[in-house]
Every structure is written in structure tokens, then in C-alpha cells.
Amino acid sequence: MSYKKFLVFVIAAATLLLAACGGNQANTDGAVDVRVTLGEFTIKSSVTEFEPGVQYHFIVTNEGVVPHEFMIMPVALDGMEMAGMSMEEKDALAFMMIEADELPPGATVEADYTFTSAPEGDIEFVCALPGHFEAGMHSSIAFK
Ligand SMILES: [Cu+2]
């Protein structure tokens with residue numbers, strides 16, 4: 001096999017492999033869907049491992065009976081530290097957030113987010129409404 005033929009073979013094989021791996025994950029925009037469900041007092045996500053540079057399409061649904069919010073935050077902020085912070089301080093630390101007034105019971109909000117690099121330290125999905133974090137509304141995510 002000539003070098004040129006070999007190269008064509010490698011590219012064809014790689015393309016097939018990519019199609020096989022990514023086909024069911026990426027939506028039509030090329031973003032990866034992430035389905036997040038909020039409840040009392042839980043956060044569940046269809047994706048828990050994220051890759052920097054990949055566009056994620058978050059579809060956040062509040063299946064609870066009270067409003068919730070959705071934030072992506074550094075874990076170092078435990079409940080006590082968060083309790084001492086103003087809403088503005090918490091918001092400034094968030095990579096991304098959907099506010100509680102957009103997420104009343106039954107609401108679904110969609111938003112895109114791309115991590116530019118793997119963040120330092122541990123990162124969680126959080127609802128930081130008073131008492132919610134403490135009641136269990138946080139969930140760790142990992143990075144590739
Ligand atoms: Cu909440």
C-alpha cells in the first residue's frame with residue numbers, strides 16, 4: 001500500500017470511528033445535550049464528565065414543587081462559606097447560572113455553555129437558594 005493510499009485509509013477509518021462514537025450524543029448544532037433535573041432537593045444530570053472546548057447544550061427542568069436555580073460552581077464553597085456570601089458574590093463565582101425566577105415548578109430552560117479549560121479544583125452543579133445546598137442540592141462533575 002502506498003503512503004498516500006494508507007493515509008486515505010487512516011482518515012476513512014478515523015471518520016467512521018468518530019461517527020460511531022459521537023453520533024448519538026451530539027445534536028444537530030454539534031453541541032452535546034445535557035439533561036438536568038432539579039427536585040427537592042436533588043440535582044440529576046445525564047452527563048457528569050465534561051471536556052473543555054466542547055459545546056454543551058443544557059436542558060434544565062425543575063420537576064420540584066418550589067422554584068430552584070442551576071449554577072456551576074467551585075466545590076470549595078461548602079454550605080457554611082456560601083451562607084456567609086451575598087447572592088451577588090455567589091453569582092460572580094459561577095461558571096454559568098440559570099436564576100430561580102426562570103425555573104419555577106415545571107419550567108425547562110435551555111442554555112449553551114463551553115468550558116474553555118478544565119477548571120482548577122472540584123466543580124459542582126449547585127442550587128444555592130437558602131437551605132437548598134445544605135439539603136443536598138449539589139452534585140459533583142468531572143473533567144476529561
Ligand atoms: Cu433548589
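In which strand does S45 lie? S45 lies in strand β2, and I would like to use that residue as a way into this structure, which is a predicted model, before I turn to the sheet and the core.

Let me begin with confidence. The protein averages a pLDDT of 83, and 76% of the residues score at least 70. There is one stretch I will leave alone, namely residues 15–24, where pLDDT stays under 50 and where the model has 0 contacts beyond four places in sequence. Where pLDDT is low, the predicted coordinates should not be read in detail.

As for the overall layout, the protein has 3 helices and 9 strands, and along the sequence these follow the pattern α-β-β-β-β-β-α-α-β-β-β-β. Of the 144 residues in the protein, 19% are buried. If we take the contacts between residues at least 6 apart in sequence, 72% of them join residues at least 24 apart.

Now back to S45 and its surroundings. Strand β2, residues 42–45, pairs with β1 in the antiparallel sense over 4 bridges, and the two strands form a hairpin with 2 residues between them. Within that pairing, V36 stands opposite S45. Is S45 buried, exposed or partly exposed? With 16 other C-beta atoms within 10 Å, S45 is partly exposed, because a residue needs 20 or more such atoms to count as buried and 12 or fewer to count as exposed. Leaving aside its neighbours within four places in sequence, S45 is in contact with V34, V36, F125 and S139. The last of these contacts spans a good part of the chain, since S45 and S139 are 94 residues apart along it, while their C-alpha atoms are separated by 8.6 Å.

Strand β1, residues 32–39, has a further partner in strand β4, residues 55–62, and here the pairing is parallel, over 7 bridges. R35 stands opposite I59 of β4 in that arrangement.

Then there is the open sheet, in which 5 strands run in the order β3-β9-β8-β5-β6 with mixed pairing. Strands β3 (49–50) and β6 (96–98) stand at the edges, each with a single partner strand, so one side of each is left without a neighbour in the sheet. Going inward from β3, that strand pairs with β9, residues 138–143, in the parallel sense over 2 bridges, and F50 has F143 as its bridge partner. Strands β8 and β9 pair in the antiparallel sense over 4 bridges, with E124 opposite S140. Strand β5, residues 70–74, and strand β8, residues 123–126, are likewise antiparallel, over 4 bridges, and in β8 the bridge partner of P74 is I123.

Finally, the core. In soluble globular proteins, nonpolar side chains tend to be buried together. Here the largest nonpolar core has 19 residues, of which V36, L38, V60, F70, V126 and C127 touch the most other members. Strands β1, β4, β5 and β8 each supply at least two residues of this core, and the largest share, 4 residues, comes from β5. Which residues is L38 in contact with, leaving aside its neighbours within four places in sequence? Its contacts include I43, V60, F70, L103 and C127, as well as T61, N62, E63, G64 and H68. V36, then, appears twice in this account, as one of the core residues that touch the most other members and as the residue opposite S45.

Note on methods: Residues numbered from 1 in each chain as written. Predicted model: local features only at pLDDT ≥ 70, side-chain atom pairs only at ≥ 80, totals over all residues. Pairing = 2+ DSSP bridges. Core = buried A, V, L, I, M, F, W, Y, C linked by C-beta atoms within 7 Å. Contact = placed C-beta atoms within 7 Å. pLDDT = per-residue confidence, 0-100.
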